[in-house]
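Colleague: Please take one part of this model and look at it closely. Then tell me how the rest fits around that part.

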2 protein chains.
Amino acid sequence: MASSQFSTKQRILEAAETLFARHGFAGASLRQVTSAANVNLAAVNYHFGSKDKLIEEVFRRRLDELNKRRLLALDQLGEAPTLEDALAAFIRPALELAREGDGGGAFVRVLARAYAEHNDQLRKFLSENYGHVLKQFAKIFATLLPHLPREELYWRIDIVAGALTYAMADFGIIQRREGVTEQQHREQAAEHLIRFAAAGLRAE
Amino acid sequence: MASSQFSTKQRILEAAETLFARHGFAGASLRQVTSAANVNLAAVNYHFGSKDKLIEEVFRRRLDELNKRRLLALDQLGEAPTLEDALAAFIRPALELAREGDGGGAFVRVLARAYAEHNDQLRKFLSENYGHVLKQFAKIFATLLPHLPREELYWRIDIVAGALTYAMADFGIIQRREGVTEQQHREQAAEHLIRFAAAGLRAE
DNA sequence: CTATGCTTCAAACGATCGTTTGATACGAGA
DNA sequence: TCTCGTATCAAACGATCGTTTGAAGCATAG
């Protein structure tokens with residue numbers, strides 16, 4: 001049971017992640033997924049129950065990891081971190097996830113798609129797994145920006161999250177130059193984003 | 001020919017816009033669209049040729065309008081506009097489009113979806129219709145921020161565009177309060193976004 | 001060896017997809 | 001009034017969708 005189940009499930013998850021990123025949840029069929037994963041068509045329903053459950057699982061796997069790393073980075077901030085440090089704790093784990101070889105880069109696009117889907121069920125799932133992390137960051141941003149009204153802060157965090165989503169998914173107009181790897185490109189995006197966001201949060 | 005063709009085409013376009021915004025391009029079927037528009041199924045292929053052409057037309061209609069308004073707002077800036085004014089010329093037309101009764105609100109979500117789709121054909125179409133407008137704005141931002149290196153400026157404009165896309169499509173975590181209309185919510189989002197973006201552009 | 005419990009497989013299910021067809025309705029111009 | 005081009009219609013096309021089925025494979029425990 002162990003090795004073959006593991007391998008099949010994992011290969012489905014990775015193929016699904018790539019194809020969902022490329023064609024969307026409705027646009028990528030289970031036949032494409034199972035064919036790319038070199039497994040039988042019925043394996044998806046056997047291992048995951050349905051296409052929707054597969055989508056959820058693609059999410060859960062990476063999102064748990066992302067949240068874990070963000071909270072870890074948050075913990076590792078010193079006593080008196082700068083705003084840039086706190087932002088980096090929020091932004092860099094997404095960057096790291098995106099540059100790992102096993103398809104994390106595809107996942108950040110899947111994540112951006114999920115926002116675009118505006119699906120209530122998916123939103124609920126995201127806020128359940130995402131909400132407490134965001135609250136943690138809101139707390140440290142609040143202590144770093146004591147003069148900022150709470151509601152104003154929430155708006156600005158929301159803007160940062162949006163810009164991050166967009167930037168990490170590489171949706172922008174800026175094209176990678178020749179000779180710049182995707183990693184380097186994302187690294188640059190993160191640097192610019194942190195600087196920009198820090199100034200935006202400090203505004204007024 | 002005149003009135004009935006106009007009515008059918010228009011009703012298809014509007015129903016398509018709403019349903020594409022809600023379910024995505026692949027997720028919304030022509031049967032859903034024609035049913036919502038109260039027209040015959042075959043009308044889409046008759047008037048537009050194919051589903052893909054319909055998608056393109058949904059885009060072109062609004063994007064032409066958005067670009068026109070942005071360029072107009074840009075023209076109407078005085079001799080020495082502030083950075084906030086220039087940003088408003090970029091951001092407010094999207095807001096206005098979003099709050100018109102005839103489905104503009106749906107379109108900004110369609111637009112955000114298009115970014116998420118990452119479809120090369122669609123990207124090319126967008127950059128063709130979008131590129132020169134963005135260049136115009138880049139120029140005025142450059143004169144308003146003369147100390148900023150050109151590449152740095154492009155990065156920051158990209159971030160602004162991302163945050164705008166995200167905010168206008170109402171993807172964020174911030175939920176509308178009871179008694180706040182969608183218009184007011186978007187208005188608030190625009191205000192926060194302009195303030196945030198101005199500070200971000202001025203960073204360092 | 002046999003039996004058991006996962007896992008994989010080819011095949012088919014009904015539903016729905018985008019598209020096409022040919023008939024029909026209808027208004028404007030000769 | 002007849003005609004012709006446009007528009008709409010019900011119906012069907014083949015393809016593909018997500019899902020289900022039942023048999024076959026296969027390792028491990030008795």
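Modeller: This is a predicted model. I start with the contact. It takes 45 residues from chain A and 45 residues from chain B. The area buried between chain A and chain B is about 4100 Å². Carbon and sulfur atoms give 65% of that area. The count of salt bridges between the two chains is 2. One of them joins the side chains of A:Glu152 and B:Arg195, at 3.1 Å from N to O.

Next, the symmetry. A turn of 180 degrees, with a shift of 0.1 Å along the axis, lays chain A on chain B with an RMSD of 0.1 Å. The two copies are thus related as by a two-fold rotation axis. Of the interface residues of chain A, 100% are also interface residues in chain B, so the copies meet through the same surface.

Now the close look, at helix H5 of chain A. H5(A) covers residues 83-99, which is 17 residues. From first C-alpha to last, the helix reaches 24 Å, close to the 24 Å expected at 1.5 Å a residue. Even so, H5(A) has a bend of about 35 degrees at A:Ala89. A proline, A:Pro93, follows within four residues. Both A:Ala89 and A:Pro93 are buried.

How enclosed is H5(A) by the rest of the structure? Largely, because 12 of its 17 residues are buried. Under 20% relative accessible area is the cut-off for that word. Ahead of the bend, the buried residues include A:Leu83, A:Ala86, A:Leu87 and A:Ala88. Beyond A:Ala89, they include A:Phe90, A:Ile91, A:Ala94, A:Leu95, A:Leu97 and A:Ala98.

Conventions: Residues are numbered from 1 along each chain as its sequence is written. Chains are lettered from A and ligands numbered from 1 in the order in which they are written. This is a predicted model: local features need pLDDT of at least 70, side-chain atom pairs count only at pLDDT 80 or more; totals for chains, interfaces and linings use all residues. Side-chain values use heavy atoms; hydrogens and water are left out. Copies are superposed by least squares on the C-alpha atoms of residues with pLDDT of at least 70 in both. Contact means heavy atoms within 4.5 Å. Helices (H or I, at least four residues) and strands (E, at least two) are DSSP runs, numbered from the N terminus. The expected span of a helix is 1.5 Å times one less than its number of residues. The bend at a residue is the angle between axes fitted to the seven residues ending there and the seven starting there. Buried means under 20% relative accessible area, exposed over 50%, partly exposed in between (1.4 Å probe, protein chains only). Buried area is the accessible area (1.4 Å probe) that two parts lose on being put together, summed over both. A salt bridge is a side-chain nitrogen of Lys or Arg within 4 Å of a carboxyl oxygen of Asp or Glu.
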